[in-house]
Amino acid sequence: MLGNLFKHEWKDSWLIMTILNVSVLVLSLIGSHSTQKYFEILEEMDVGGFIYAIYILLYAFGIIALSLAATFYFYVRFYKNMYTDQGYLMHTLPVNHNELIVSKLLVALIWRVISFIVIILGIMKMSFSFEDIIYMVKNLNLVATDVVLVVILLLGMALYSILLGYVSISIGQFSARNKVLASIGAYFGIKIIARILRSFLTLINIYNYRELIEKFRDFDDPTTRATFMLVIIVIVYIACGLYYFITQWIMKNRLNLE
Amino acid sequence: MSVLVECRNLTKIYPGGKTAVSDLNLSIESGRIIGLLGPNGSGKTTIIKMMNGLLRPTEGQVIIDGNEPGPETKKIISYLPERTYLEAQKTVSDILGFFSDFYADFRPERARQMLAALNIDEKARLKTLSKGTKEKVQLILVMSRDARLYVLDEPIAGVDPATRDYIIRTIINNYNKEASVLICTHLISDVEEILDDVIFLKDGHVVLQSTAAAIREEHGETVDKYFREVFAC
């Protein structure tokens, strides 16, 4: 049944996500190298630089807005499907709670990855030529472990972001008055708690954040880089597991559709 | 006839302390049409939600065909909630596909026949349909399954008399005869003629479980009239 849930989740979300991602690509193409010559022509007229600066600013805002819209879209979908009237259908399907959550999580994650690639490609198209990119990658002196760990870390961070929304929405269901407001409160509450925990870990020197960052900035020692990333990966995935468990527990034991 | 549903010492206390169902025991046999009857707030919807796994009992158990509510019981229960649970953006055809994918006992041809009889366009998006038509679509979906238990929560509330007749006809003509139909309503007179059994609920307790025929025989009046006497304010 997981396959069927995945299929329908994908079918319901592909159009809006495609529109969002194509919008990013179009914005990037407008400001790409090939069109920069037009700005150069304008520059000769003393206003080109200003117009291009404004465009870059708008592009950055556009990317942020589209990225937030994509995140928000999957949060709203989760809330509507699971905790509003649509929940009467979703929770009476012959599937278990894990399948419900995992299907949504997978589709949201895949779109996160696609959006990430689109945004990176867009920024590159805006700022660098292909040769520049090859040159930069070569100069990073990355080893295979770095690449693998960065991919695992990025996937973990994407999962973290999605699950943070799911767990906040689920905690918000405990409110009798305003579940949406309670979900938003839970979201920021969890963020504050996470920040406090991070400070605490730094204080007791288990997780010497600053020192590791300083070492990481050197880009010299692959072992230090790997250690730093492994520590972050473990913390991120533990948090993901915790958020998943809480979401699943609330859905199983405290579901209370109005 | 075998016991299909059994509630054992079932209790539901909501957060905040309100007791909706208290130490309730009842059993439902297969092959019957049962009216779960009671005034507003008597616990009807809470019991139905617990049967469908939408609420967990505070104490006690619901057993459906030998299992506690979960994926196995959801395979055999066809549930019509009192809410419109379909996504407004979807077409009727999308929903038929959805039901076909998840319910092995769903009969799309039966659904298409009923939709055609009501001139409901399969390509229409649900957001373009009236509230009454959406309710009919939902009923058609629920009654197009060969389920073991149909649970219908207020299927005739808030609809016009013609639609009410259509709904009752649809229930009678389409349910699997081996199955049971549990109809939760406070509009007793409209469903009385199709009921085999009745369960009267008050304040989360069963105050009477009997056959409709026995009530009429023993009290010399309709179930509707007897209900009004029992629950007179």
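**Exercise 1.** How many residues does the contact take from chain A, and how many from chain B?

*Solution.* Let's start with the count, keeping in mind that this is a predicted model. Chain A gives 27 residues to the contact and chain B gives 25 residues. Next comes the area: the two chains bury about 2400 Å² between them, with 59% of it on carbon and sulfur atoms.

**Exercise 2.** Find which elements of chain A touch chain B, and describe the polar links between the chains.

*Solution.* Take the charged links to begin with: four salt bridges are counted between chain A and chain B. In one of them, the side chains of A:Asp12 and B:Lys90 meet at 3.1 Å, N to O; this pair qualifies because the cut-off is 4 Å. There are also 10 residue pairs in polar contact across the interface. Now look at the elements: α1 (2-30), α3, α4 and α10 (222-253) of chain A each give two or more residues to the side that touches chain B. The largest share, six residues, comes from α1(A). Sorted by class, that side of chain A has 10 nonpolar, 10 polar and seven charged residues.

**Exercise 3.** Now turn inside chain A and work out how domain 1 (1-127) meets domain 2 (140-258).

*Solution.* Here 22 residues of domain 1 are in contact with 23 residues of domain 2. Together the domains of chain A bury about 2200 Å², 75% of it on carbon and sulfur atoms. On the domain 1 side, A:Tyr75, A:Tyr83 and A:Leu105 lose the most area, together 31% of what that side buries. Between the domains, zero salt bridges and five residue pairs in polar contact are counted. Finally, α5(A) supplies the largest share of the domain 1 side, 11 residues.

Note on methods. Residues are numbered from 1 along each chain as its sequence is written. Chains are lettered from A and ligands numbered from 1 in the order in which they are written. This is a predicted model: local features need pLDDT of at least 70, side-chain atom pairs count only at pLDDT 80 or more; totals for chains, interfaces and linings use all residues. Side-chain values use heavy atoms; hydrogens and water are left out. Domain bounds come from an automatic or database domain assignment. Contact means heavy atoms within 4.5 Å. Buried area is the accessible area (1.4 Å probe) that two parts lose on being put together, summed over both. A polar contact is a pair of N or O atoms within 3.5 Å; within protein, one must be able to donate a hydrogen and the other to accept it, and residues adjacent in sequence count only if both atoms are side-chain atoms. Helices (H or I, at least four residues) and strands (E, at least two) are DSSP runs, numbered from the N terminus. Ala, Val, Leu, Ile, Met, Phe, Trp, Tyr, Cys and Pro count as nonpolar, Asp, Glu, Lys and Arg as charged, and the others, Gly among them, as polar.
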